[in-house]
Amino acid sequence: MATVRDLYLDDSHDIVLDGADLRLVSAGEAIRQSADVRLQFFAEEWFLDLSAGVPWFQEILIKNPNIPAVTEVFRAQLLAVPGIALIEQLGVDYTSGTRTLRVNWRAPTDLGELIQSSPEVTG
């Protein structure tokens, strides 16, 4: 099995340096970080592929979103992350007053590690 590596991103999604060197993450932490980045990637954000990303403005951060459909959008996004083949837990908590959404998920990786996260997005 190949080693999974990625650049380490802090809570603000900025690349972190160790002195003059880039800090890296590997294994389950790299897969978790990739999943979180994927869930926070807005559809039509990347000019080379406007269909890539989560339809945040189109289907989620709207008045009265369809939470079961939104949950399936997130499930599909998570299953598209290399290293994740199964979602053990997936919950969507939406607060309409602040248009804040938190995705709570847990999944085993191909590396045998259990990863989880609960990123929050405010519209």
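In the predicted model, strand β5 (residues 89–95) pairs with β6 in the antiparallel sense, and seven bridges connect the two. Within this pairing, Leu 101 in β6 is the residue opposite Tyr 94. The two strands form a hairpin with four residues between them, and Arg 99 in this hairpin adopts a positive phi near 50 degrees.

Strand β6 (residues 100–108) is also joined to β7, again by an antiparallel arrangement, here through four bridges. Two of the bridge partners can be named: Arg 106 is matched with Gln 116 in β7, and Pro 108 with Leu 114 in β7. A hairpin is formed by β6 and β7 as well, with five residues between the strands. In its turn, Gly 112 has a positive phi of about 90 degrees. Strand β6 therefore has two antiparallel partners, since it pairs with β5 and with β7 under the criterion of at least two bridges between strands.

The side chains of β7 (residues 114–117) were examined for their direction and burial. In a regular strand, side chains alternate between the two faces of the sheet. Strand β7 shows such an alternation: Ile 115 and Ser 117 point to one face and are buried, whereas Leu 114 and Gln 116 point to the other face and are not buried. The residues of β7 named above as bridge partners, Leu 114 for Pro 108 and Gln 116 for Arg 106, thus belong to the face whose side chains are not buried, buried being under 20% relative accessible area.

These strands are part of a chain with three helices and eight strands in total. Along the sequence the elements occur in the order β-β-β-β-α-α-α-β-β-β-β. Among contacts between residues at least 6 apart in sequence, 38% join residues at least 24 apart.

Overall dimensions were also computed. The C-alpha atoms fill a box of roughly 45 × 30 × 30 Å along the principal axes. The radius of gyration is 15 Å, which agrees with the value near 14 Å for a compact globule of 123 residues. Of the 123 residues, 36% are buried. The accessible surface amounts to about 7400 Å², and carbon and sulfur atoms contribute 51% of this area. The protein chain carries 9 positive and 18 negative charges, and the mean positions of the two sets lie 5 Å apart.

Definitions and conventions. Residues are numbered from 1 along each chain as its sequence is written. This is a predicted model: local features need pLDDT of at least 70, side-chain atom pairs count only at pLDDT 80 or more; totals for chains, interfaces and linings use all residues. Side-chain values use heavy atoms; hydrogens and water are left out. The radius of gyration is taken over C-alpha atoms; the globule rule is 2.2 Å times the number of residues to the power 0.38. Buried means under 20% relative accessible area, exposed over 50%, partly exposed in between (1.4 Å probe, protein chains only). Contact means heavy atoms within 4.5 Å. Accessible areas come from the Shrake-Rupley method with a 1.4 Å probe; for residues, only the protein chains shown count as cover. Lys and Arg count as positive and Asp and Glu as negative; His and the chain ends are not counted. The place of a charge is taken as NZ of Lys, CZ of Arg, CG of Asp or CD of Glu.
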